[in-house]
Structures are given as structure tokens and as C-alpha cells.
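The following exercises concern charged side-chain pairs and the surroundings of a ligand. Please work through each task before reading its solution.

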Amino acid sequence: MLKLYNTLSRKKESIKSKPGKKLRLFVCGPTVYDYSHLGHARTYIAFDAFVTFLRSQGYRVDYLQNITDIDDKIIRRAKEKNLPPKSIARMFEKEYLKDMKSLGISSVNKYARATDHIPEIISQIKRLLKKKYAYEVEGDGIYYDISRFKEYGKLSRRTTLQAEDAVSRIDESIKKRNKGDFALWKLAQHRTTVSGAGFSEPSWNSPWGKGRPGWHIEDTAITEKRFGAQYELHGGAKDLIFPHHEAEIAQMEAISGKKPMARHWMHTGFLTVNKGKMSKSLGNFVTVQNFLDAHSPRILRLLVLKAHYRSPIDYSENLLLQIEQELQRIDEFINKIRNPKSEIRNKPEFQISKFKTQFKAALEDDFNTPKAIAVVFDIITKGNILLAKGNLSKTDSKTILNFLKEVDEIFGFIFSKEKKTVIPLNILNLLDEREKYRKEAQWQKADTIRKKLLGQGWQIDDTSQGPKLKRI
Ligand code: AMP
């Protein structure tokens, strides 16, 4: 039976769904003002593998993610670039979706933009005002009164008195009732760009005047529309526990009077660099696109899934090298069982069922991917021993390959999906010709060929192991 650690109870618990039944999962999506980095990839790869595993077990997962396409950071970036905030948001949303595809993430059923849910957001704020969980600050906006929600802090285990650090982004106002109160609706203010051109913040009509939604209300509006007031599972990285997820609970449970909003809360650990969180603001990030220019997505998927989803991962060159070696070990093994060198005996000997049981048990125990991956390497060790003795039958090889295919469906790093680039013969001949000129120190002629290759879409990188061709 599947058990997961629940941030709300701080215990491992079974989730409230069964194979064959619906399981609604909401994971906080990105704020689209810049390219995604490896920290984002860590969180979204972990949830992708988790959802794929659940589906392989028969759960009917409805996986919803929001896209924060209105936010201070987007407005700031728009000012810097002198572009409308909407253009910035649409551009980086496109890049985000492209990155997710490159990483093999295809499990999300619906991406929902905040700005497509303004009527739902307004409806939630109206209900909060009616129930007196929200109040208006003249000329500023609508705020949530955290002192009215007695259970504020139940997810993060903080008390209302500690809640002053809830203030972020657009939540500042000297007229608030409590320091930790957060904005639900912020009235538009007219601002000026650096270049001096008039710059109006994006705004929408509302009963309280033109303005824009606070950060937390978009998520409850989106989930209420698709899931209703209560659902099974909510996820995100652990920096979101407070104030974001705490605020979501306060909003939705106050509106509906039903609790819990989400039965189960799942939070991923950070991807760090020298133990510090990888983030845009610290400037210690590697974008997904820069990473994928140099490495295969398999490397990132194994790197992420080799750690338990709740543990931190400290990203380093050494870790990358280690992961590359492990993938090489997988590739060599698959190659050997696909193309056996010697005659292999016919009698099946390999007991795959034991490994399958261990693999499933590991994933059912709080999605313990490192343990499940260790089972895959145990198979490789055992398989290699049998291969060395000529004791792996054709049936065994097939059984192992079939199981590895099942594992690949979930983890996505077992088989290399990269298409090998085929270099046409005339291009190879030109490369040889250039090398000949280079050896004879005929640099001009060598350079003419380099340019010719470039014109045909091939770039030469002169490396310590000789010239390498790259398709551009
Ligand atoms: P953001 O676009 O900053 O709102 O982040 C989108 C998602 O990625 C949120 O769930 C973040 O918590 C998560 N995230 C951001 N940085 C990291 C990191 N270094 N490690 C793991 N998850 C992260």
C-alpha cells in the first residue's frame, strides 16, 4: 500500500485514493519572468516521476499546475526590457513548457494561468469579505485577516505572532490589521519607467477598483474551479510551505468551511550549490537550456531521482561525473543483453519477481526512488555475473529488458532517447580535407573549409581529442 510523508501531520500516511480511483494533484507552477533553472527542474522531475508511477499502479491522476503570469517580478522584468508584462509572461511560459518537454515531462493534465481566472479570484475575495476574513484598506487593496483564521500556521507549525515574515511581494501596507496579513487584491498604481515613458501595471476591473490579484489567491481560485473545495494532494518545493501554502489553506478553508483543503501535502527538497538554494536572486543558477546544451536530459533525471524527493541535492561537477558513469554502466549492460557475445544457455535462471517486488515496495514507501534505483543496479550486478558465466538465457535477457522498459516509463533515464546525428559523407570528407590543410599549416585553406561547413549547418569545435562536428 502506498504511503507518503504528509507535511500537514508530519507522518507517513496512506493517501486517500486507491488504484482505479481518481486522485487530484495540484503542484505550484513557475512564475514566468525568466528561464527555468535546475532547481525548478528538480521539483518538476520529481513530481513527473511520482505521477507516472501512480498511473502505472492504476491511479487516475488529474495533475494540475498553475502558471503565475502576473507578479511583481514579471512587472519589474517588463520595465527593464521596456516590454508589456504580458509579452514577458507569454515568452517565458513558452520557454518553460519547452524545457519541460526537453526533460521528458509530459504528465501534467492542465496548465492554468492566473490571468485566465480573474472572475474566479474575484468571486473568492467577495466570499472572504462576506465572511469577514478579508477587509479593505482604502486606496490600497483587500487583505486577508490572519487573526480570523484560528488554524493559521497549522501546516508550517508557526503561530500568527510569527507570521510577520509572510510579507512578500505585494503584501506591504502600513494600514494592515496584522503584520502577517497578505494581499488578496492590490489596487493599480500608476508608475513610470526608467526611460520615463508612462507605465501602467496590468490591471483588471473589480468591485473594489482596477487592480490585480495577490499571489496566494490565484491557486485556490484555480483549484476550486477544477477540483472543488477539497482534493487529495498538493505539492511544491518546501520554500512554499510558508507563507504560500499556509495562505492557501486559510483562504480555501475559510471560504468553504470544509477542511482539509488538501488531504495530503508533499514538499520537495532544494537543489543547492555549495549547500545554498539554487535561485535567480542568488545568481548561482544553471538554466535548463544551458544544461541541456552540454548534457543529456537523462543525466538530470537520474541526478534528481537518485535522491529522495524530500532530501536536498548539492549540485556539482563531481556529482555529474558520477551520474555519467552510472548511466554508462546501464548502457553497457543493456548493450550486452541486447547483443550477447557468446552463446547463452537456454534455461531461465533469473528471478525477476523478487526485484520487481522490491522496486514497487521502495516506491510505495514514501516514493523512495534511491532505494528503487538501487534495485535496478542490483539487477545489473546479478545480470553481469550471469553473463560472465555464460549463464543468462535469452528468456532472462528479455525478462530483464522488459522490466527495464517499465522502469524507464517512470524514471525516463534507462534508455538513451537521443537520436545519433548522422554526418553525411561529403561533410566528413570536407572535415578530413581541413585536417590535412591544418597539418600542413595551410591555415587560410583550412579556414575556408570551416566557413563552408558552417554555411552547410555544421560547426567545428577543435577539442583536445580532435575536431568535433556539431549540427547548428
Ligand atoms: P518559482 O518560479 O520561483 O515560483 O518556482 C517554481 C517552483 O520551483 C516552486 O515550487 C519552487 O519552490 C521550486 N523551486 C525553485 N527553486 C528551487 C530549488 N533550488 N530547488 C527545488 N525547487 C525549487
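**Exercise 1.** Determine how the side chains of K186 and D140 meet, and where the two residues lie.

*Solution.* Step 1: the side chains of K186 and D140 form a salt bridge, with 3.2 Å from N to O; the term denotes a side-chain nitrogen of Lys or Arg within 4 Å of a carboxyl oxygen of Asp or Glu. Step 2: K186 belongs to strand β8 (residues 182-187), whereas D140 is in the loop between β6 (134-137) and β7 (141-144), so the pair ties together parts that are 46 residues apart in sequence. Helices (H or I, at least four residues) and strands (E, at least two) are DSSP runs, numbered from the N terminus. Step 3: both K186 and D140 are buried, where buried means under 20% relative accessible area, exposed over 50%, and partly exposed in between (1.4 Å probe, protein chains only).

The model is predicted: local features need pLDDT of at least 70, side-chain atom pairs count only at pLDDT 80 or more, and totals for chains, interfaces and linings use all residues. Residues are numbered from 1 along each chain as its sequence is written, and side-chain values use heavy atoms, with hydrogens and water left out.

**Exercise 2.** Describe the salt bridge between K154 and E253 and the network that includes both residues.

*Solution.* Step 1: the N to O distance between the side chains of K154 and E253 is 2.8 Å. Step 2: K154 is in the loop between β7 and β8 and E253 in helix α6 (residues 241-256), so this pair links parts that are 99 residues apart in sequence. Step 3: E253 is buried, its relative accessible area being 6%. Step 4: through shared partners, salt bridges join E151, K154, E253 and K259 into one network.

**Exercise 3.** For the salt bridge of R77 with E80, state which residue is buried and which is exposed.

*Solution.* Step 1: the closest N and O atoms of R77 and E80 are 3.1 Å apart. Step 2: the two residues are three apart in helix α2 (residues 72-81), which means that about one helical turn separates R77 and E80. Step 3: R77 is buried at 17% relative accessible area, while E80 is exposed at 57%.

**Exercise 4.** Identify the polar contacts of the ligand with G39, A237 and D239.

*Solution.* A polar contact to the ligand is a pair of N or O atoms within 3.5 Å. Step 1: a polar backbone atom of G39 is 3.1 Å from a ligand nitrogen. Step 2: a backbone N or O atom of A237 is 3.4 Å from a ligand oxygen. Step 3: a side-chain N or O atom of D239 is 2.6 Å from a ligand oxygen.

Definitions and conventions: Polar contact = N/O pair within 3.5 Å; in protein donor to acceptor, adjacent residues only side chain to side chain.
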